[in-house]
Structure formats: structure tokens, C-alpha cells
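Good morning, everyone, and thank you for making the time. I would like to walk through one model with you, going from the chain as a whole to a few local features.

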Amino acid sequence: MFSRLAAPRRPHLAALLARSFSTTHAANKKVGVMGASGGIGQPLSLLLKNSPLVSELSLYDIVHTPGVAADLSHIDSPAKVTGYVGPDQLAASLKGCEVVVIPAGVPRKPGMTRDDLFNTNASIVANLAKACAENCPKAMICIISNPVNSTVPIAAEVYKKAGVDASRIFGVTTLDIVRANTFVAELKGLDPTTVNVPVIGGHAGTTIIPLISQATPSVEFPNDQLKALTERIQDAGTEVVKAKAGAGSATLSMAYAGARFAVSMIRALNGEAGVVECAFIRSNVTEATYFSTPLVLGPNGMEKNLGIGKLTPFEAKLVENAITELKASIKKGEDFVAAM
């Protein structure tokens with residue numbers, strides 16, 4: 001355990017994209033986006049096309065991908081874009097990919113929880129994970145598809161069945177960090193690009209645990225305001241679903257967060273030191289066998305798990321309350337694969 005997590009360099013996406021223009025193309029990566037025609041997939045693909053760290057962008061979906069690829073290919077950035085459509089082209093879309101981002105699945109609608117998405121998205125993620133294990137087994141897999149607390153264990157179990165190393169599978173919880181940074185900055189009148197709030201646990205409701213006590217720069221809130229802030233971060237996805245009045249869920253902010261994580265992963269693969277992101281991975285930090293914490297990323301994926309640091313009594317209680325739900329979600333995912 002750490003008394004306080006070391007403050008990483010703030011991985012703000014705009015700065016990362018700007019900085020990436022100075023890199024040599026020899027180190028750039030082929031990135032696959034599975035579900036590229038959807039509400040998250042399209043803006044995510046746009047952001048990745050804008051990064052010269054991406055040499056090739058391979059887009060897959062069951063509909064419309066050639067059109068999305070043609071549209072993006074007109075943008076004057078270096079990445080070559082290819083669209084693949086339908087199950088017959090899935091294997092080809094993954095060949096040679098070094099990073100695969102998976103936003104595929106159905107979005108949340110008003111009144112739905114992430115677990116309501118399970119039956120549909122579980123099958124989608126299992127099929128995509130199987131294809132990744134067969135066609136790009138050494139790629140870093142970045143899972144956005146909800147419920148992440150279950151879909152990450154699903155992908156890991158599929159990898160185990162295939163005899164492939166599952167340590168390169170990451171659940172993208174970056175949106176929780178992005179939201180926490182934004183909300184803290186709003187309350188304190190700070191530039192959000194200078195704020196970094198670690199968010200641990202999972203990626204649904206009360207399993208989302210913002211560590212305000214470990215924020216950089218250091219901030220403090222009265223107890224009632226801290227409780228309200230924590231609950232807003234935990235329920236921010238529902239806030240967007242309600243605001244869109246049935247027209248969708250958090251797509252643009254999730255695309256931003258997914259692109260940030262993917263770009264950070266590419267930087268780490270290229271050997272850049274000190275790349276830190278939170279992600280939901282297999283873990284022994286708590287009783288839950290999967291848990292999100294800040295990770296030092298490296299050329300082989302996770303280089304070091306920074307753990308949860310010293311928690312306040314309020315934060316420790318949040319962790320305690322999250323464990324039961326996390327265990328149930330993890331088991332649900334593992335049981336799904338066992339029954340396949």
C-alpha cells in the first residue's frame with residue numbers, strides 16, 4: 001500500500017495528440033476499433049485518426065463500416081483507415097493489430113442499468129475476445145463495452161479457454177477519472193486539465209470510487225459536499241442518459257476517454273516511461289478478483305500496480321460497500337463463459 005499515490009503526469013488527450021506529432025512514424029501502431037460504426041465507435045475512431053501515433057486504423061462493425069472508413073480516410077492525418085463489415089471479415093480486421101479498443105454493444109436507455117445490458121453485450125464481447133485471441137493474441141485489449149465489471153472477466157475467461165495470456169486485457173474506466181477531474185475543477189474553479197483524481201473499484205454505480213483525498217492538486221470539501229460530489233461521479237452516466245431523453249448514453253465523453261486510454265497505451269508500448277492510467281484488471285489488491293487502480297503501463301501492458309494508497313474512512317467505506325457488488329458482477333461474467 002502507498003501512503004499517497006504518486007501524482008502522474010496529467011495525460012490530457014489534447015496534449016497527448018499534440019505531442020504525438022513529434023514522434024517518428026516507425027514506432028506507430030495499428031489500432032483496431034471493434035464497433036466502429038456506433039455512437040462511441042465513430043467519434044473514438046475520429047480521435048484516433050487524429051493521432052500520428054496510429055499508423056493504421058482498422059474499423060470493424062456489423063453495418064456501415066466501409067462508409068465510416070471512407071469518411072475518415074479523407075482526413076489529412078497519416079493513419080491509413082480500412083473498414084471491415086460483418087462476421088466474415090472479423091478475423092481480417094484484427095490481423096496485425098497491436099491495440100484493440102472494443103466499444104461494441106448496445107447503449108443504455110432511460111431506466112436501464114449497466115447490468116441490464118448484460119445478455120446482449122456479454123455475447124458480443126465473448127465473440128470479439130475469441131477473435132482477438134485467435135488473430136492478435138499479443139495485442140492490448142481495451143474494453144469499453146458495458147457492463148465492464150462483467151465484460152472484462154468474460155474476455156479473460158475466453159482467453160484462458162483459448163490458452164492465451166489474459167494479462168493484456170484492460171477495462172477502460174477512464175471516463176470516471178475524466179468526470180471526476182471535471183467536476184472537482186468546476187467546484188474549485190480550477191483548470192480541469194491540471195486536475196487528476198484517481199478513481200478505483202469498478203465501472204458501475206457504487207463500485208466507482210473517486211479518491212478525492214488523493215487528488216492533484218490537493219483539494220478538500222465539507223462532508224456533505226464530498227458525499228454529493230462522490231454520488232454525482234458515480235451516477236454521471238445516468239445523468240447523461242436522462243439528459244438525452246432516450247436518444248442514447250454517454251458517447252462523446254466515452255469516446256474521448258477511450259481515445260485517451262488507447263493513446264496512453266501506445267505511448268507505453270513505444271517505451272515512454274511514467275505512463276499511468278487507471279484500469280479494471282485482474283487484481284489481488286482487494287477481495288475482488290478484478291479491481292481498478294492506477295497502473296504504470298509499459299511495453300508488455302501493466303508494468304506496476306500502484307494500489308489504492310491510504311484511504312480516508314469515507315473512502316474505505318466506499319470500497320467495503322463495493323466489494324459485494326463487484327464479486328457478483330465478476331462471477332456473472334465468469335459463469336457466462338463457463339456455460340458457453
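Before I point at any loop, let me fix what I mean by the elements on either side of one: helices are DSSP runs of H or I with at least four residues, strands are runs of E with at least two, and both are numbered from the N terminus. With that in hand, H64 can be placed in the loop between β2, residues 54-61, and α3, residues 65-73, and I will come back to this residue towards the end. Please keep in mind throughout that what you see is a predicted model.

Let me begin with the chain as a whole. The protein chain contains eleven helices and eleven strands, and its C-alpha atoms fill a box of roughly 55 × 50 × 40 Å along the principal axes. For 340 residues one would expect a compact globule to have a radius of gyration near 20 Å, and because the protein chain has 19 Å, the two agree. Buried residues account for 55% of the 340 residues, and if we take the contacts with a separation of 6 or more, 72% of them join residues 24 or more positions apart.

Now to the interior. In soluble globular proteins, nonpolar side chains tend to be buried together. Here the largest nonpolar core has 46 residues, and V100 and I141 are those with the most contacts inside it. At least two residues of this core come from each of α4 (90-94), β4 (99-102), α5 (118-135), β5 (140-143), α6 (148-162), β10 (290-298) and α11 (313-338), with α5 giving the most, namely nine residues. Apart from this core lies another, of 41 residues, which includes A36, L57, V178 and V263.

What is I141 in contact with, once its neighbours within four places in sequence are left aside? The partners are V100, I102, C132, Y159, R168, I169 and F170, so that V100, the other residue singled out a moment ago, appears among them.

That brings me to how the helices pack, and two packed helices are described by the angle between their axes and the distance between the axes. The axes of α5 and α6 come within 9 Å and cross at roughly 35°, and α5 passes α6 in a right-handed crossing. On the α5 side the contact involves F118, A122, V125, A126, A129, K130, C132 and A133, which meet S150, T151, I154, A155, V158, Y159 and A162 of α6. By character, the residues of this contact divide into twelve nonpolar, two polar and one charged.

Helix α6 also packs against α11, at an angle of about 40° and with the axes 8 Å apart, and this crossing is right-handed as well. From α6 the contact draws on N149, S150, P153, I154, E157, V158 and K161, and from α11 on L326, S329, I330, K332, G333, E334, F336, V337 and A338. The residues here divide into eight nonpolar, four polar and four charged.

Let me stay for a moment with L326, which lies in α11. Is this residue buried or exposed? Its relative accessible area is 0%, and since buried means under 20%, L326 counts as buried. Not counting residues up to four places away in sequence, L326 touches N149, G201, G202, T207, F280, A288, Y290 and F291. L326 and H203 are 123 residues apart in sequence, yet 9.4 Å apart in space, C-alpha to C-alpha.

Finally, the backbone, where most residues other than glycine have a negative phi, and most peptide bonds are trans. Which peptide bonds can be named as cis here? One runs from N146 to P147, with omega near 0°, and P147 sits in the loop between β5 and α6. Another runs from T216 to P217, with omega near -5°, and P217 is found in the loop between β8 (208-210) and α8 (223-234).

As for phi, H64 has a positive value near 70°, and this residue is exposed, with a relative accessible area of 60%. A245 also has a positive phi, near 50°; A245 lies in the loop between α9 (236-243) and α10 (252-269) and, at 65% relative accessibility, counts as exposed.

Conventions. Residues numbered from 1 in each chain as written. Predicted model: local features only at pLDDT ≥ 70, side-chain atom pairs only at ≥ 80, totals over all residues. Heavy atoms only, no water. Core = buried A, V, L, I, M, F, W, Y, C linked by side-chain atoms within 4.5 Å. Buried < 20%, exposed > 50% of the residue type's maximum accessible area, 1.4 Å probe, protein only. Contact = heavy atoms within 4.5 Å. Axes fitted to C-alpha atoms, helices over the stretch in contact; angles between N-to-C directions. Left-handed = near helix turned anticlockwise from the far one by under 90°. Nonpolar A, V, L, I, M, F, W, Y, C, P; charged D, E, K, R; others polar. Rg over C-alpha atoms; globule rule 2.2 N^0.38 Å.
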